[in-house]
Amino acid sequence: MTVKFEEGIETEIEVRDLNLWYSDNHALKNISIEIPEKCITAFIGPSGCGKSTFIRCLNRMNDLITNCRTEGKVLVKGENIYEKEVDVVNLRKRVGMVFQKPNPFPMSIYENIAYGPRIHGERNKKKLDQIVEETLRSAALWDEVSDRLNSPALDLSGGQQQRLCIARTLAVKPEIILLDEPCSALDPISTSKIEDLMMKLKNNYTIVIVTHNMQQAARVSDYTAYFLLGELIEFGTARQIFEMPREKSTEDYITGRFG
């Protein structure tokens, strides 16, 4: 499903005829979509419709699931990430992911950020210090934790932990950030901070978010895709989806039929 993007916006991710099975369960059915660069694209739909499964296809997280089989193409900047020669570790560096529940490592705030760059070969302490400060600033967390970088990350509040996880993703310099229900476990104030952060980050990153919160999708997304029963039903600008829904299924969902 293609949408005419605004002038000057290029395609970051192109998905062609994507199908996915969990054993005999056909979870994604013939998904084709182009995702624009440096925009926020939201995936919405009822529970179990395939949106989280789909977002995990974009950095091959589904490879970790037993009896999961994928067919079709996912091109990131024109490169099919499902080719056998693709380095999956490097792919997940380019396409970072933040999960529904904050999952900081059981170590200090500093080490949470420095861990990724170290894994990818950075050993210079001065450079690591710079990365830690820059990414915490980018995640709007530096002012809150700069005086306690050696404190356990698990001592942070839920909202702070989620912003730390975003900073940890930024530390390895991704091109794309995937967010799977990043605010579902957060209070309204923390949710507002994450939404403000997304709006700033889209200036430098392509952002894809899965959300059940229709108001959130309407507030932050530039483009929105609606999934139902493993199929992509509708895709367009947020205004088209929320103000001028064309499909009955989309209308039903927005008006609360599916909760």
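This passage describes a six-stranded sheet, the surroundings of two buried residues and the largest pocket in a predicted model. Local features are given only where pLDDT is at least 70 and side-chain atom pairs only at pLDDT 80 or more, whereas totals for chains, interfaces and linings use all residues. Residues are numbered from 1 along each chain as its sequence is written, and side-chain values use heavy atoms, with hydrogens and water left out.

Helices (DSSP runs of H or I, at least four residues) and strands (DSSP runs of E, at least two) are numbered from the N terminus. Six strands form an open sheet in the order β6-β7-β8-β3-β9-β10, with mixed pairing, two strands being paired if DSSP finds at least two bridges between them. Its edges are β6 and β10 (231-237), each of which pairs on one side only, and the twist from one strand to the next averages 20°. Strand β6 runs parallel to β7 (residues 176-180), to which four bridges join it; within this pairing, valine 98 has leucine 179 of β7 as its bridge partner. Helix α6 (residues 158-170) lies across β6 and β7 and runs at about 170° to β6, while helix α7 (residues 188-201) lies across β3 (40-44), β7 and β8 (206-210), at about 150° to β8. These angles run from 0 to 180 degrees between N-to-C directions, with axes fitted to C-alpha atoms, for helices over the stretch in contact.

Glycine 96 belongs to the edge strand β6 (residues 95-98) and counts as buried because its relative accessibility is 5%, the cut-off for buried being under 20% relative accessible area with a 1.4 Å probe and protein chains only. Not counting residues up to four places away in sequence, glycine 96 touches Thr169, Pro174, Ile176, Ile177 and Leu178, contact meaning heavy atoms within 4.5 Å. Its C-alpha atom is separated by 6.2 Å from that of isoleucine 176, 80 residues apart along the chain. Glutamate 37, in the loop between β2 (25-36) and β3, is also buried, at 18%; with neighbours within four places left aside, its contacts are Gly8, Ile9, Glu10, Glu12, Lys77 and Thr206.

The largest pocket (an open set of points on a 1 Å grid over the protein atoms alone, where a 1.4 Å probe fits, with protein on both sides within 12 Å along at least five of seven lines) has a volume of about 540 Å³, taken as the space filled by probe spheres set on the points, which are joined across faces, edges and corners. Its lining (residues with an atom within 4 Å of a point) comprises 19 residues, of which Arg92, Met97, Phe105, Arg168 and Val172 lie nearest the centre. At least two lining residues come from each of α2 (88-94), β6, α3 (109-119) and α6.

Key. Buried < 20%, exposed > 50% of the residue type's maximum accessible area, 1.4 Å probe, protein only.
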